[in-house]
Amino acid sequence: MSSPPVLRTYQFRDVEKIRTSFRSGNRAPLYVAPCGSGKTVLFAYVCAKTLARGSKVLLLCHRVELVDQISKALTDQGVSHGFIAAGYPHRRGFSVYIASVFTLARRLQLFVPDLIIVDEAHHTVAGTWDAILKAYPRARRLGVTATPCRTSGAGLGSHFDDLI
């Protein structure tokens, strides 16, 4: 078995900024980084560290390609995980799940997370995404995106409380 990928210097720095945000009392920081910068690797690392502290994590995305990409990144970090997504086997008993927004919207009671990591977080103000996040009011969240605003120009301040 190979060892997990080592984060780049800027990724370690950014993980520390995320930790500092949570320690400062924020419940929903938004991490913004350009395409190709390794956001998925970074949040898989955050997931692994969160899981090691005994917390449950839900990784939320909207496309099959992203489910597969996130699954690979979690596997690379040694994180055992399940799926809440059409076309994927659903098995109970995991502390980490990758969920497709549209499948999870119909199965909200399957898993109650302590942390929700939202990939492509600029979608969170859309109806289905918003409903899912409201269904888990106690969960902290980490949004991840390269686009910190909607196409309309609207910001994401209604869903996130710190910009990193």
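**Exercise 1. The lining of the largest pocket**

Task: In this predicted model, find which elements each supply at least two residues of the lining of the largest pocket, and describe the pocket they help to form.

Solution:
- Step 1. Start with the elements: α2, α3 (64-76) and β6 (140-145) each bring at least two residues to the lining of the largest pocket.
- Step 2. Now look for the largest share. That share comes from α2, with three residues.
- Step 3. Move to the whole lining, which is made of 16 residues. Nearest the centre of the pocket lie Gly 36, Lys 39, Thr 40, Gln 69 and Glu 120.
- Step 4. Sort the lining by class: five residues are nonpolar, eight are polar and three are charged.
- Step 5. Finish with the space inside, which is about 240 Å³.

**Exercise 2. The second largest pocket**

Task: Work out which element gives the most to the lining of the second largest pocket, and how many residues of each class are found there.

Solution:
- Step 1. List the lining. Among its residues are Val 15, Ile 18, Arg 19, Phe 22, Tyr 45, Lys 49 and Arg 140.
- Step 2. Assign elements. Both α1 and α2 supply at least two residues, and α1 gives the most, with five.
- Step 3. Sort by class: the lining has six nonpolar residues, one polar residue and five charged residues.
- Step 4. Add the volume: the second largest pocket holds about 170 Å³ of space.
- Step 5. Look again at two lining residues, Phe 22 and Arg 140. The charged end of Arg 140 sits over the ring of Phe 22, 4.4 Å from the ring centre.

**Exercise 3. Naming aromatic pairs**

Task: The structure has three aromatic pairs. Decide how the rings of Phe 12 and Tyr 45 are arranged, then do the same for Phe 83 and Tyr 88.

Solution:
- Step 1. Recall what to look at: a pair of aromatic rings is described by the distance of the centres and the angle of the planes.
- Step 2. Take Phe 12 and Tyr 45. Their ring centres are 5.9 Å apart and their planes meet at 85°, so this pair is edge-to-face.
- Step 3. Place that pair in the chain. Phe 12 belongs to helix α1 (residues 9-23) and Tyr 45 to helix α2 (residues 39-52), so the pair links distant parts of the chain, 33 residues apart.
- Step 4. Check how covered the two partners are. Phe 12 has 39% relative accessibility and counts as partly exposed, while Tyr 45, with a relative accessible area of 14%, is buried.
- Step 5. Turn to Phe 83 and Tyr 88. Here the centres lie 4.9 Å apart with 25° between the planes, and the pair is stacked. Both Phe 83 and Tyr 88 are buried.

**Exercise 4. Strand β4 and its partners**

Task: Is strand β4 mostly covered or mostly open, and which residue of strand β2 stands opposite Ala 99?

Solution:
- Step 1. Count along β4 (residues 96-100): five of its five residues are buried, and the strand is mostly covered.
- Step 2. Separate its two sides. Val 96, Ile 98 and Ser 100 point one way, Tyr 97 and Ala 99 the other way, and all are buried.
- Step 3. Find the partners. Strand β2 (residues 57-61) pairs with β4 in the parallel sense over five bridges, and strand β3 (residues 82-84) does so in the parallel sense over three bridges.
- Step 4. Pick out Ala 99 in β4: Leu 60 stands opposite this residue, and so does Ile 84.

Technical notes: Residues are numbered from 1 along each chain as its sequence is written. This is a predicted model: local features need pLDDT of at least 70, side-chain atom pairs count only at pLDDT 80 or more; totals for chains, interfaces and linings use all residues. Side-chain values use heavy atoms; hydrogens and water are left out. Rings of Phe, Tyr and Trp (its six-membered ring) pair if their centres lie within 6.5 Å; planes under 30 degrees apart count as stacked, over 60 as edge-to-face and the rest as tilted. Helices (H or I, at least four residues) and strands (E, at least two) are DSSP runs, numbered from the N terminus. Buried means under 20% relative accessible area, exposed over 50%, partly exposed in between (1.4 Å probe, protein chains only). A charge sits over a ring if NZ of Lys or CZ of Arg is within 6 Å of the ring centre and within 35 degrees of the ring normal. On a 1 Å grid over the protein atoms alone, a cavity is a set of points where a 1.4 Å probe fits but cannot get out, and a pocket is an open set with protein on both sides within 12 Å along at least five of seven lines; lining residues have an atom within 4 Å of a point. Grid points are joined across faces, edges and corners, and a volume is the space filled by probe spheres set on the points. Ala, Val, Leu, Ile, Met, Phe, Trp, Tyr, Cys and Pro count as nonpolar, Asp, Glu, Lys and Arg as charged, and the others, Gly among them, as polar. Two strands pair if DSSP finds at least two bridges between them.
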